[in-house]
Structure formats: C-alpha cells, structure tokens
Amino acid sequence: MDRDLSQDLREQVNQALEMRTPLRIQGGNSKAMLGRPVTGQVIDIRGHRGIVGYDPTELVLTARAGTPLREVEATLHEAGQMLACEPPHLGPEATLGGMVAAGLSGPRRPWAGSVRDYVLGTRLITGHGKHLRFGGEVMKNVAGYDVSRLMAGSFGCLGLLTEVSLKVLPRPRQCLGLCLEMNVGQALAELVEWGRQALPISAACHDGETLHLRLEGGEGSVRSARERLGGEALDTNFWHDLREQRLAFFAAPATLWRLSLPLACGALDLPGRQLLDWGGAQRWLKSDAPASVIRALAAEAGGHATAYRPGDDSSAPLDPLTLRYHQALKRQLDPQGVFNPGRLYADL
C-alpha cells in the first residue's frame, strides 16, 4: 500500500532533536552487517512507500525511500528497463532508501556505473528538522554541492532520505554467460586487453580456476563476441547469485571482506580464499586474518578493505584530512549528530 508518511517522520525527527535523542534509521535491515553498531531510537521508513512518478520515455523513476526494491525492479521490468547499477538486495525486505544509503553496486558496476551515478535528486529530512529537496529529475541540474549524490554510501549519517529520483536504462536485448578456463593472472591480463576493444562485456568474475563473463547488447554484437572468445555457456543466474552473495564461496564460516582496488590491479597473495568481481576491482576475501593485516595489504595495492560484519573495526579509519571534511559536512546537515551516530566512523 502506497503511503506518504513524510510528515510523521519529520515529527519524529523534530522530537528527537528536542530531546537530543539519537536516531537509528532502519528500512529492511538487509545491510545490518555493515558498519558500526548504532545505539538510538529506531525510526522505521518502511511505511513511507510507493512509486511517486515513472515515465519510461524519460528514463526517470521517483519513489519514496521505504519502497521495496523488488517492487521498483518489477515495475521497471514490465517496461523493459532496469537499475543499471544492479544493486544487491541481500534480503527480501531491501528498500530503495537502503539501496542509496548503502551505495552498493552489482557485477555491472565497472561498465555501467555506481548507485551514485544514477541518483538525480532526493528529498531529505535534515538535522535542522527541515524537509528539503535536492537535485531534480534530469542529469544536468546541479549548481554548487551535489547533496543528492552525497547520500549514496552515507548510511543515513547525513539525514533521513524520504524520496529518491533515479535515472534508469533499457534492459539489454541479449544476455549471454561464458566460462573460460584460465588462471587469475591470465584472466586479469585478458580483461585489460579486452577493455581496449569493442566487446560487450558487462560482468567478469574469477573464482580461482575459471573466468566467468557476461555479454550484453544487440544480438549481433553478442554473437560475434561469443565466437571470438569461445568458452562454455554459463547459466545467467550465476550473476544474480553473485550479486546476492549466494554462491558457495560466501557460505564459508570465515569473515567476509570486500576489497576495493584499482581496476588494473594484478593477482594478490591474500590470507584466505578469494573471489574476484568487477574484473578484479572488487575482491571478496574469506579470511580469519587480523583486520590490520588485511587492511595493510589492501592499502599497499592502492585500495581499502571493509568487513561484512557489524563491529567497530568494520571500516578502515579515515586519514585526518578526509575525516575533517566528513565532520564538516556532518555539522552542516546534522549539527546535533542525531542520525545514525557512529555508523560509518566513530567520529561521525
């Protein structure tokens, strides 16, 4: 049932500001394993839901933050369109607001862009108790700070999202999965070379033994690429299972780490079992090694590591200069620090 509860949510925020009570923003809770634990009064956005506007010809969808992500994707699917960043749900109750707040993207990320790239506008209840609109419904509509895209990956630390406008794209006409037997080093070298060519690759994952590729586009270009690359056919459900962390790799009992690395980073000797996604730019690691060791190895390779578990050490600490900018932004939008205090970093 579609409902606009923005006024109720604003009243809850204003009451929290008066009482100086921290708020823990909660949607479907599907990303609860990320970030530091937050102590505060729960403010649940799931009742604030519904698609506000959608014009397939304009490739723009606007919906309230509590709208189930599956509902948004079903509406787009009926019109032959999609969320090109392929955001993971990680649970049946995932919401549109949680998708933006977490900022996570699926296997298509290096070829299509991130969640942030598709956010056109937002409505936000700020730490001043005001319900403001930022951005709009076209790509070039920003003068000054692009506050809407700052919401992507902020984990609710800057305010309470109530509405999001997103650019959407047509679904590809043809989709084909391939498996090619090759080692990690060879796969990474081939991906660099293929990146210089007009191949319709939209996903690339290596499981330690096999390179998995997804080809998307027109029938002719996909067929031509298949003939050129060879390999065996792959069930396209593989990419959904990878996105939703349902492959056998993710079931191992060790801690799951996500390493974000430069796209052309070579093979790495990491303490544990690896699964390469995003053509090597995102590497999943199952390891019980100390956090300091994993973070040091990621930093040495030019990236950073995040633990998929709730805890004080889930995110790497920020350098002093970056932290200062984060704190300045937090003071502007949430001066009392009521929204998800400490979720990203202890000093926010």
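**Exercise 1.** In this predicted model, find which helix holds Glu190, and decide whether Glu190 counts as buried, partly exposed or exposed.

*Solution.* Begin with the position along the chain: Glu190 falls in helix α7, which covers residues 184-194. Next take the relative accessibility of Glu190, which is 25%. Since buried means under 20% and exposed means over 50%, Glu190 counts as partly exposed.

**Exercise 2.** Determine how many disulfides the structure holds, and explain why Cys175 has no such bond.

*Solution.* Recall that a disulfide is a covalent bond between the sulfur atoms of two cysteines. For Cys175, the closest cysteine sulfur belongs to Cys179 and is 13 Å away, which is too far for a bond, because a disulfide needs the two sulfur atoms within 2.5 Å. Turning to Cys265, the nearest cysteine sulfur is that of Cys205, at 16 Å, and Cys265 is in no disulfide. The structure as a whole holds 0 disulfides. As for accessibility, Cys175 is partly exposed at 35%, whereas Cys265 is buried at 11%.

**Exercise 3.** Describe the second largest cavity by giving its volume, the elements that supply at least two residues each to its lining, and the division of that lining into nonpolar, polar and charged residues.

*Solution.* Start with the volume, which is about 40 Å³. Then look at the lining, whose residues include Ala187, Leu188, Cys205 and Asp277. At least two lining residues come from each of α7, β11 (201-206) and β15 (273-277). Finally, sort the lining by type, which gives 7 nonpolar, 3 polar and 1 charged.

Notes:
Residues numbered from 1 in each chain as written. Predicted model: local features only at pLDDT ≥ 70, side-chain atom pairs only at ≥ 80, totals over all residues. Heavy atoms only, no water. Helix = DSSP H or I, 4+ residues; strand = E, 2+ residues; numbered from the N terminus. Buried < 20%, exposed > 50% of the residue type's maximum accessible area, 1.4 Å probe, protein only. 1 Å grid on protein atoms, 1.4 Å probe; cavity = no way out; pocket = protein on both sides within 12 Å on 5 of 7 lines; lining within 4 Å. Points joined across faces, edges and corners; volume = space filled by probe spheres on them. Nonpolar A, V, L, I, M, F, W, Y, C, P; charged D, E, K, R; others polar.
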